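The following note collects a few points on the structure shown below. They concern ring contacts, strand pairing and one loop position.

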Amino acid sequence: QVQLVESGGGLVQAGGSLRLSCATSGILFSIHTMGWYRRAPGKQRESVARITGGGSTNYADSVKGRFTISRDNAKNTLFLQMNSLKPEDTAVYYCTAERMGRTTWGQGTQVTVSS
């Protein structure tokens with residue numbers, strides 16, 4: 001059974017930092033492209049960052065220079081380091097695993113940034 005379990009969300013003041021983690025099981029983690037998406041209240045879901053099995057990354061323009069996606073293939077875990085957080089980063093953050101056109105989603109973790 002495939003499971004993606006996010007953790008690390010919470011309440012932080014603007015300018016602060018959080019580190020999200022996504023523990024996975026039931027997949028061959030190292031060959032999946034992994035990603036973080038978010039959905040803010042009243043807005044559409046958007047891609048935040050993605051990382052391929054080979055370590056190539058891409059980011060949404062809104063988070064470039066502030067967020068860093070990384071992966072630990074030995075621990076089957078994905079991370080998102082979020083620095084210089086802004087109120088507009090407030091959202092539910094979801095971890096994804098992508099392979100051959102199929103995407104698996106985690107249950108999400110809430111990030112709230114206060115001004």
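1. In this predicted model, the charged end of Arg19 is placed over the ring of Phe79, at 4.0 Å from its centre. A second such contact is made by Arg71, which lies over the face of Phe29 at 4.5 Å from the ring centre.

2. There are 2 aromatic pairs in the structure. One of them is tilted and joins Tyr37 to Trp105, with 5.0 Å centre to centre and 55 degrees between the planes. This pair links distant parts of the chain, as Tyr37 belongs to strand E4 and Trp105 to strand E10 (residues 102-105), 68 residues apart. Tyr37 counts as buried at 17% relative accessibility, whereas Trp105 is partly exposed at 32%.

3. Trp105 also pairs edge-to-face with Tyr94, at 6.1 Å centre to centre and 80 degrees between the planes. Tyr94 lies in strand E9 (residues 91-99), 11 residues from Trp105, and is partly exposed with a relative accessible area of 21%. Ring pairs thus gather Tyr37, Tyr94 and Trp105 into a cluster.

4. Strand E4 (residues 33-39) pairs antiparallel with strand E5 (residues 46-51) over 5 bridges, and Met34 faces Ile51 across this pairing. The two strands form a hairpin with 6 residues between them, and Gly42 in the turn has a positive phi of about 75 degrees.

5. E5 also runs antiparallel to strand E6 (residues 57-59), joined by 3 bridges, with Ala49 opposite Tyr59. In this hairpin 5 residues separate the strands, and Gly55 takes a positive phi near 100 degrees.

6. Ala74 occupies the loop between strand E7 (67-72) and strand E8 (77-82). Ala74 is exposed, with a relative accessible area of 76%.

Note on methods. Residues are numbered from 1 along each chain as its sequence is written. This is a predicted model: local features need pLDDT of at least 70, side-chain atom pairs count only at pLDDT 80 or more; totals for chains, interfaces and linings use all residues. Side-chain values use heavy atoms; hydrogens and water are left out. Helices (H or I, at least four residues) and strands (E, at least two) are DSSP runs, numbered from the N terminus. Buried means under 20% relative accessible area, exposed over 50%, partly exposed in between (1.4 Å probe, protein chains only). Two strands pair if DSSP finds at least two bridges between them. Rings of Phe, Tyr and Trp (its six-membered ring) pair if their centres lie within 6.5 Å; planes under 30 degrees apart count as stacked, over 60 as edge-to-face and the rest as tilted. A charge sits over a ring if NZ of Lys or CZ of Arg is within 6 Å of the ring centre and within 35 degrees of the ring normal.
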